[in-house]
Amino acid sequence: MYVDVILPLALPINYTFGVPVQWQPSIQVGMRVEVQFGKKRMYSGIVKKIHFNKPDVYEVKPIKSILDKEPIVSEKTIQFWVWLASYYMCSEGEVMNASLPSYLKLDSETFVSLQTEVPINELDLSDDEYIVMQALFIKNEKNKKP
C-alpha cells in the first residue's frame with residue numbers, strides 16, 4: 001500500500017511513500033504522517049491519496065509514523081487546496097503550509113534550550129538526560145560571556 005503525501009514545501013508534485021503493514025488498516029486520507037524527505041529532513045505531511053501503484057521513477061521510503069488517530073483535514077478541504085494551488089499557480093504544499101496552524105506542522109529543525117528557572121534534581125535523570133543537560137548548561141554559560 002502506498003500514499004501520496006502533500007509536504008509543506010514548494011514542490012511541483014506530491015511524493016509517494018510506503019505504508020508499513022501494521023498501519024495499513026488505520027491510515028486514512030487527511031491524516032498527518034511523519035516522513036523523511038531527503039537524507040535527514042523530517043516533515044509532517046497530509047495523506048492526499050491511498051493507492052497500490054509503486055512509482056517507477058524513485059525509491060519509495062516508508063512513512064515513519066501516523067501522527068493522528070483520525071483525519072484532521074477532510075477530502076473536500078484537500079480538493080479545495082488542489083484548486084487553490086491551481087488558481088494561484090503555487091504548490092499544494094504551499095497552500096497546506098499556509099492553511100494549517102503551526103502546532104500541526106513538524107520539521108526537523110528544533111531548538112532546545114535549558115530552562116534555568118526550573119529546578120532539576122540531577123539524581124532523577126538518566127545518563128543520557130544528564131549528558132544533554134550538561135551540554136545545554138555549557139552552551140548556556142558560553143553564550144553569557146561577552
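Before I count anything, let me say what the words cover: helices and strands here are DSSP runs, at least four residues long for a helix and at least two for a strand, and they are numbered from the N terminus. With that in hand, the protein chain of this predicted model comes to 3 helices and 5 strands. If you follow the sequence from its start, the pattern reads β-β-β-β-β-α-α-α.

Let me begin with the overall form. The chain has 146 residues and a radius of gyration of 20 Å, whereas a compact globule with that number of residues would have one near 15 Å. Along the principal axes, the C-alpha atoms fill a box of roughly 50 × 35 × 30 Å. Of the 146 residues, 33% are buried. When we take the contacts between residues at least 6 apart in sequence, we find that 65% of these join residues at least 24 apart.

Now to the sheet. In what order do the strands of the open sheet lie? The order is 2-1-4-3-5, with antiparallel pairing throughout the 5 strands. At the edges sit strand 2, residues 15-18, and strand 5, residues 65-66, each of which pairs on one side only. As a general remark for those new to this, the strands of a sheet pair through backbone hydrogen bonds, and they may do so in parallel or antiparallel fashion.

Strand 1 is a good place to look at this pairing in detail. With strand 2 it runs antiparallel, and 4 bridges join the two; here D4 stands opposite T16 of strand 2. With strand 4, strand 1 pairs over 5 bridges, again in the antiparallel sense, and I6 is the residue that stands opposite I46 of strand 4. Moving on to strand 3, we see it pair with strand 4 over 6 antiparallel bridges, where R32 stands opposite I46.

Is strand 1 mostly covered or mostly open? It is mostly covered, since 5 of its 5 residues are buried. This holds on both faces, with Y2, D4 and I6 buried on one side and V3 and V5 buried on the other. Helix 1 lies across strand 1 and strand 4, and its direction makes an angle of about 105° with strand 4.

That brings me to the nonpolar cores. The largest one has 13 residues, and V3, I27, V33 and I63 are those with the most contacts inside it. Strand 1 (2-6), strand 3 (32-37) and strand 4 (41-51) each supply at least two residues of this core. A second core, separate from this one, has 12 residues, including I78, W81, A85 and V95. To come back to V33, and leaving aside neighbours within four places in sequence, its contacts are V5, I27, Y43, S44, G45, V47, I63, S65, I66 and L67.

A residue worth pausing on is E92, which is found in helix 2. Is E92 buried or exposed? Its relative accessibility is 16%, and because the cut-off for buried is under 20%, E92 counts as buried. Not counting residues up to four places away in sequence, E92 touches I6, N14, K48, V82 and A85.

Let me turn to the aromatic rings, where the count comes to 5 pairs. One of them is F80 with W83, whose ring centres are 6.0 Å apart and whose planes meet at 10°, so this pair is stacked. Where do F80 and W83 lie? Both are in helix 1, residues 75-87, at 3 residues apart, which is about one turn of the helix. F80 is partly exposed, at 46% relative accessibility, and W83 is partly exposed too, with a relative accessible area of 46%. Ring pairs also bring in Y87 and Y88, so that F80, W83, Y87 and Y88 are linked into a cluster.

I will finish with M89, which sits in the loop between helix 1 and helix 2 (92-99). M89 has a positive phi of about 50°, although it is not a glycine. Is M89 buried or exposed? Its relative accessible area is 77%, and because exposed means over 50%, M89 counts as exposed.

Note on methods:
Residues numbered from 1 in each chain as written. Predicted model: local features only at pLDDT ≥ 70, side-chain atom pairs only at ≥ 80, totals over all residues. Heavy atoms only, no water. Core = buried A, V, L, I, M, F, W, Y, C linked by side-chain atoms within 4.5 Å. Buried < 20%, exposed > 50% of the residue type's maximum accessible area, 1.4 Å probe, protein only. Contact = heavy atoms within 4.5 Å. Phe/Tyr/Trp six-rings, centres within 6.5 Å; stacked < 30°, edge-to-face > 60°. Pairing = 2+ DSSP bridges. Axes fitted to C-alpha atoms, helices over the stretch in contact; angles between N-to-C directions. Rg over C-alpha atoms; globule rule 2.2 N^0.38 Å.
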